[in-house]
Amino acid sequence: MNNPASSPANSGDTPRYPVTELTHVELQLASWCNRSCSFCPSGKYPVAKALMSLETVERILVGLEKIAFTGTVGLHLMCEPFLNKQIVEIIRRFRTRLPQTFIRLETNGEPIKNMKKLGEAFDAGLNEALINCYGSPEQFRNRADQLLELNKSRKNMWFFNQYQDWPPGPPSTWEVVRLRAFHSDDYDLSSWAGLVERPNKPELPLPLSCNRPFRNLHINYLGQAVLCSMDWKYEVVFGDVMRQDVEGILNAPLMVAYRNNLTVKNRCMPVCERCDKGMPVARKPGYPPVDPWTIPRKYWIRAKRLYWSVINGLGK
Ligand SMILES: C[S@@+](CC[C@H](N)C(=O)[O-])C[C@H]1O[C@@H](n2cnc3c(N)ncnc32)[C@H](O)[C@@H]1O
Ligand code: SF4
Ligand code: SF4
C-alpha cells in the first residue's frame, strides 16, 4: 500500500494551510442507516450502531468557533441523520453558535413520516433538506402533498419542486426543502471508492485532482476526521476533534500529503486510488414539477430577480 506521508509530493517545508480555505464540514450523526440501498455501502458490512454524542458535537462546535467558520455544515455523512434523536438540538446549537453557517442535510425521509420533525428542524435553524424518495413514484407524490400541506403553515418554507429555483436572501436564512424522485436504481452512480459496483468502470486511479481535502472536513460519529464521504470504513484518519483543534487537523502531515499528491493529480493513495469521483454521472429524474404553475413561477421569480438587479445597478 502507498504511504502518502512519505511520498515525494510531501517533501520540503509546507506552509500552514489557511483555515479560511475550509468551506464544508460534514458530520456523521449516526454510524448506520435504516436502509441498505443497492447503490450504497450502508448495510453491506456489519457496523456497531452508535450515535454522535453531544459531547462530540460540542468539541466540533468549539473547534469551528475558534476559526469563525461561516461555511456549509452537512449533517448526513455516511448515515441516515434522522436516526439521531438529538438532531434538532444539534441543529439549534450550530445555528446559535455559528449563526452565519448554511446548515443542510440529506435524508431518506423514512424516520420523519409526517414531516413534523422537519418543521422542528427548520425552527431550530436548518436551511436545506434534500429528501430522497427511494421507495416509489407514489412515495414521491405522497410526500409532495405532505410538503405542500406543511408549506401552508410554514410561510418561510420554500418547496424547491414548486418553484424549481432557489429563494432570495442569504442562505443562512433559507428554509428550503427539495424532494428528489430517486425511486429507481437506473442511475449511473458512483462506486463509493469501490464499495459498490457501478456499470461503467473507469480505469483507476483516475489522473485527476480532487478538492475534498482542500475544502472539506469530514467528521465521523467518534469525532475522527476521515478522508471524505467515500471513506465509509475510516481507512484514512487525519485527526481527532476530541484531542485536536481544527487548524491542527487541517495541517496534520497525512492531510498535507493527500493535498500535495492531489495537487499533482496523483490519486495513488489509500481510498483515492479506488475513487471514481470526477467521472461524469447522470442525475435523473431530478425534480418533477408538483403542479402546472411550476415553470411559469420559476420564470416569474427569475424575471423579478433580473428586474431588481437592473434597478439596483442603475441606482449606483
Ligand atoms: C449516503 S446518503 C446519506 C443520507 C441519506 N441516508 C440519504 O440517502 O439521503 C448521501 C447522498 O448520497 C447519495 N448517494 C447514495 N448512493 C450514491 C451513489 N452510489 N452515487 C452517488 N450518490 C449516491 C444519496 O442519494 C444521498 O443524496
Ligand atoms: S443512500 Fe442513504 S438511505 Fe440509502 S442506504 Fe445509503 S445512507 Fe441509507
Ligand atoms: S479523490 Fe475520492 S477518495 Fe480521494 S479525497 Fe477525493 S473524493 Fe475522497
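Before I start, a note to self: a helix axis here is a line fitted to the C-alpha atoms over the stretch in contact, and angles run from 0 to 180 degrees between N-to-C directions.

**Entry 1: what I'm looking at.** I have a predicted model open. I looked up the secondary structure and got nine helices and nine strands for the protein chain.

**Entry 2: helix 1 against helix 2.** I picked helix 1, residues 54-66, and helix 2, residues 87-97. At what angle do they pack? I get about 15 degrees, and their axes sit 11 Å apart. Angles under 35 degrees count as roughly parallel, so helix 1 is roughly parallel to helix 2. I also checked the handedness: helix 1 passes helix 2 in a right-handed crossing.

**Entry 3: who touches whom.** Which residues meet at this contact? From helix 1 I wrote down Val57, Leu61 and Glu65. Across from them, helix 2 brings Ile90, Arg93, Phe94 and Arg97. I sorted the residues of this contact by type and got four nonpolar, three charged and no polar.

**Entry 4: zooming out.** Next I looked at the whole protein chain. Its C-alpha trace spans about 60 × 50 × 40 Å along the principal axes. What is the radius of gyration? I find 21 Å, and a compact globule with 316 residues would have one near 20 Å, so the two agree.

**Entry 5: inside and long range.** I looked up burial too: 37% of the 316 residues in the protein chain are buried. Last, I took the contacts between residues at least 6 apart in sequence, and 75% of these join residues at least 24 apart.

Methods: Residues numbered from 1 in each chain as written. Chains lettered and ligands numbered in written order. Predicted model: local features only at pLDDT ≥ 70, side-chain atom pairs only at ≥ 80, totals over all residues. Helix = DSSP H or I, 4+ residues; strand = E, 2+ residues; numbered from the N terminus. Parallel < 35°, antiparallel > 145°, perpendicular 65-115°, else oblique. Left-handed = near helix turned anticlockwise from the far one by under 90°. Contact = placed C-beta atoms within 7 Å. Nonpolar A, V, L, I, M, F, W, Y, C, P; charged D, E, K, R; others polar. Rg over C-alpha atoms; globule rule 2.2 N^0.38 Å. Buried ≥ 20, exposed ≤ 12 C-beta atoms within 10 Å, placed from the backbone.
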